[in-house]
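Here's a quick walk through one protein model, written for someone who'd rather be at the bench. Have a look at the fold, then read on.

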Amino acid sequence: MYVTTRETDTERTLAVESILEDIAGGGVIEKDDIPTSSSGIKEGTLVGVDTSGVYHIVKTAMVKNAFATGANALVVYDNHEFKVNDFIGTSASGAASGALITAISASGAGVGIITCSWLGADVAASGILVQASGLGHSNFKYVPAGISANYVERDKENTGCGIVVRGRVRQNLMPYHIDDTLKTKLPLIRFV
């Protein structure tokens, strides 16, 4: 008799409630998108694809305190994957208006400070920031194409990931914040 044992759990996250369609064979997640301070991306992360077929994190952050044009210290909640030299903008218009991130610091109590020269529109508290492709009025760096179905470790060689393109996701269990603009980019995903 042959008996096998397993040391890892294969049950998927609770964020991804139902998978009706996924990318056959999954996709490769670009590890360079993940900051060195992070161990990896969590299940339920929005991902976009580039022209070479490599998947990237669609980076988002929720604003804690409202700010206006000319601000240079944006207070955001800690659950984001932004890093210095990323461009940041708003998702509300459907296109990000980019500002270069020059520093990121944790201030404690679940929030941090993103330093940049914000020239975009005023942003209300609980507004969503996304990664932009460059300075000024530019598009999202990566448009959401799916949702990760498993955890991807930053320091592992294999960065393969299941990617859901149609199904049901529990929005309150997703690791990073999203808004209605981002949800419209994934019309086959039902957010509950």
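What follows goes from the whole chain to one sheet and then to a few loop residues.

This is a predicted model, so keep in mind that local features need pLDDT of at least 70 and side-chain atom pairs count only at pLDDT 80 or more, while totals for chains, interfaces and linings use all residues. Residues are numbered from 1 along each chain as its sequence is written, and side-chain values use heavy atoms, with hydrogens and water left out.

**The whole chain**

The protein chain has one helix and 18 strands; these are DSSP runs numbered from the N terminus, with at least four residues for a helix (H or I) and at least two for a strand (E). Of its 192 residues, 44% count as buried, meaning under 20% relative accessible area, whereas exposed is over 50% and partly exposed is in between (1.4 Å probe, protein chains only). About 10100 Å² of the protein chain is exposed, and carbon and sulfur atoms supply 50% of that; the areas come from the Shrake-Rupley method with a 1.4 Å probe, and for residues only the protein chains shown count as cover. Take the contacts (heavy atoms within 4.5 Å) between residues at least 6 apart in sequence: 69% of them join residues at least 24 apart.

**A three-stranded sheet**

One open sheet of three strands runs in the order E7-E11-E10, with antiparallel pairing. E7 and E10 (103-108) each have a single partner strand and stand at the edges, so one side of each has no neighbour in the sheet. From one strand to the next, the twist averages 30°, using axes fitted as lines to C-alpha atoms (for helices over the stretch in contact) and angles from 0 to 180 degrees between N-to-C directions. E7 and E11 are antiparallel and joined by five bridges; two strands pair if DSSP finds at least two bridges between them. Leucine 74 sits opposite isoleucine 114 in E11.

**Loop residues**

Most residues other than glycine have a negative phi. Here are two that go the other way, though neither is a glycine:

| Residue | Phi | Loop | Relative accessibility |
|---|---|---|---|
| Asparagine 85 | about 80° | between E7 (73-77) and E8 | 54%, exposed |
| Serine 126 | about 75° | between E11 (111-115) and E12 (128-132) | 47%, partly exposed |

Which residues does serine 91 touch? Not counting residues up to four places away in sequence, they are Ile128, Val130, Phe140, Asp179, Thr181 and Leu182. Serine 91 lies in the loop between E8 (87-90) and E9 (97-100), and with a relative accessible area of 0% it is buried.
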